[in-house]
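Open your viewer and get ready to select residues by number. We will go from stop to stop, and at each one you can check what is there.

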Amino acid sequence: MKTLIVLQQEPGISETFLRKQIETLPGEVSVLYCSDPPRLNGKLLKSSKVLYLVRRHLLLQNKQKARGNKYLQAILKSQADIVLVQYGVTAANYIDALEQCGLPFVVHFHGYDASMYEVFQKYALEYKRIFQSASSLIAVSNAMQTRLIAEGAPKQKLKLNYYGIDETAFPAVTPNTKVARFFGVGRFVEKKAPHLTILAFAKVLEQMPQAQLCLLGEGPLLGPCQHMVKALGIEKQVELPGAASHQVVRNEMKNAFCFVQHSVVAANGDSEGTPVAILEALMSGLPVIATRHAGIPDVITDRETGFLVDENDIQAMSARMLEIARNPEKAVAVGLAARQYALKNLTATSSIRNLYSILNEAKDNFHH
């Protein structure tokens, strides 16, 4: 089967799941970037045939049509059997070409594209067409499926596919019980609420002054969080080193005692899909303390494979952090259960296999 993967631009550092799909999806894979100017990352796509389309933001309608036709030509040139569009917003931008290409297309939603109020408002008509024309719609959590159905997506078209983690890249670690070192990684943005994790940790320090917190990542909230750490007088116990490579993340996992993330629904509705960093921590065998948010409860059973607290409840979060720091054997047991669960349900192999079967089914059931 020949699959054409359509992306707005090259995958970002945190979009490891997109790279994985491009590199490991069975059959022949072509990639169409709709970026301007076009760029080739040979290393990432060495096994793929890459097609480019320069996307111009033109306002005149006849020029809009011309852009759509160029896009259509690019899709047809790929000679694909099926088109996999990454993000609902990408599909919305190119819905004309997708509807005209005469090929089955599947739209893969990931997070903001299935949660932000502004997105649903701006693309209301295009989303309606996507829901009608797409062969299948992929969601990464039960919560996302529910949200898309509420927005008008037909239930029978929705498919659930969790992100998968390469178990060889995240081998089992034993939580470091020598020091209560809490660790998190992710962009410093509102929905990941690093400031709330810091506030919960500040409460932990009141009873356990030797505890440590390291939050990796960068983003608009990094500066405010650095100021907050200073204002609370906890610079010695909190590290905010900024962005880090995947290797640094893996090393941190080895030294950590527990993974923490306090995801919340942002004021604009933006939500997680299922956070990849949490899946990596589960695969590593670290206990995870996180919120009942988006896809997180799909992959964590409270007190069995991790700990869940309500969004914005920093009191409960600090209580879980203290509880686990005082019971290292519980940390080890929960981490072990997390790893076993991840190996059974969250491997990259099973995620890609499931994705391939969704695409195959869409191709087989397509009637032009």
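Between which helix and which strand is the loop where Arg 303 is found? Select Arg 303 in this predicted model, and you will see that the loop runs between helix H12 (296-299) and strand E13 (307-309).

**Stop 1: Arg 303**

Stay on this residue for a moment. Most residues other than glycine have a negative phi. Arg 303 is not a glycine, yet its phi is positive, at about 70°. With a relative accessible area of 41%, Arg 303 is partly exposed. Now add Arg 320, Glu 323 and Lys 330 to your selection: together with Arg 303 they form one network, joined by salt bridges that share partners.

**Stop 2: more salt bridges**

How many salt bridges does the count come to? The answer is 15, and we will visit a few of them.

Start with Glu 151 and Arg 147. Their side chains meet in a salt bridge, with 3.1 Å from N to O. Glu 151 is partly exposed, at a relative accessible area of 33%, and Arg 147 is also partly exposed, at 25%.

Next, select Lys 159 and Glu 361. These two form a salt bridge in which the closest N and O atoms are 3.8 Å apart. Colour strand E7 (residues 158-160) to find Lys 159, and helix H15 (residues 348-364) to find Glu 361; the pair therefore ties together parts that are 202 residues apart in sequence. Glu 361 counts as partly exposed, with 38% relative accessibility.

Then select Lys 192 and Glu 272, whose side chains meet in a salt bridge of 2.9 Å, N to O. Lys 192 lies in the loop between strand E8 (181-185) and helix H8 (194-207), and Glu 272 in the loop between strand E11 (258-261) and helix H11 (276-284), so this pair ties together parts 80 residues apart in sequence. Is Lys 192 buried or exposed? Lys 192 is buried, because its relative accessible area of 17% is under the 20% cut-off. Glu 272 is buried as well, at 8%.

**Stop 3: around Glu 272**

Keep Glu 272 selected and show its surroundings. Which side chain makes a polar contact with the side chain of Glu 272 at 2.9 Å? Look for Ser 263: its side chain is the partner in that contact. Leaving aside residues up to four places away in sequence, Glu 272 touches Gly 111, Lys 191, Lys 192, Gln 261, Ser 263, His 293 and Ala 294.

**Stop 4: Ala 193**

Go back to the loop between E8 and H8 and select Ala 193, which has its place there. Here is another residue that is not a glycine but has a positive phi, this time of about 40°. Ala 193 is buried, with a relative accessible area of 0%.

**Stop 5: the cavities**

Rolling a probe the size of a water molecule over the atoms shows where empty space is left. How many cavities of 30 Å³ or more does the structure hold? There are two.

For the largest cavity, select Val 185, Gly 186, Lys 192, Pro 194 and Leu 215; of the 13 residues in its lining, these lie nearest its centre. You have met Lys 192 already, as the salt-bridge partner of Glu 272. The space inside the largest cavity is about 110 Å³. At least two lining residues come from each of E8, H8, strand E9 (212-216) and E11. By class, the lining of the largest cavity has six nonpolar, five polar and two charged residues.

For the second largest cavity, with a volume of about 30 Å³, select Ala 169, Phe 170, Pro 171, Val 173, Arg 250, Met 253, Lys 254 and Ser 284, which line it. Which helix gives the most to this lining? Helix H10 (residues 246-255) does, with three residues. Five residues of the lining of the second largest cavity are nonpolar, one is polar and two are charged.

**Last stop: Gln 79**

Finish at Gln 79, in the loop between helix H2 (61-77) and strand E4 (82-86). Gln 79 is exposed, with a relative accessible area of 55%. Now draw a line from its C-alpha atom to that of Val 288: 44 Å separates the two, which are 209 residues apart along the chain.

Conventions: Residues are numbered from 1 along each chain as its sequence is written. Side-chain values use heavy atoms; hydrogens and water are left out. A salt bridge is a side-chain nitrogen of Lys or Arg within 4 Å of a carboxyl oxygen of Asp or Glu. Buried means under 20% relative accessible area, exposed over 50%, partly exposed in between (1.4 Å probe, protein chains only). Helices (H or I, at least four residues) and strands (E, at least two) are DSSP runs, numbered from the N terminus. On a 1 Å grid over the protein atoms alone, a cavity is a set of points where a 1.4 Å probe fits but cannot get out, and a pocket is an open set with protein on both sides within 12 Å along at least five of seven lines; lining residues have an atom within 4 Å of a point. Grid points are joined across faces, edges and corners, and a volume is the space filled by probe spheres set on the points. Ala, Val, Leu, Ile, Met, Phe, Trp, Tyr, Cys and Pro count as nonpolar, Asp, Glu, Lys and Arg as charged, and the others, Gly among them, as polar. A polar contact is a pair of N or O atoms within 3.5 Å; within protein, one must be able to donate a hydrogen and the other to accept it, and residues adjacent in sequence count only if both atoms are side-chain atoms. Contact means heavy atoms within 4.5 Å.
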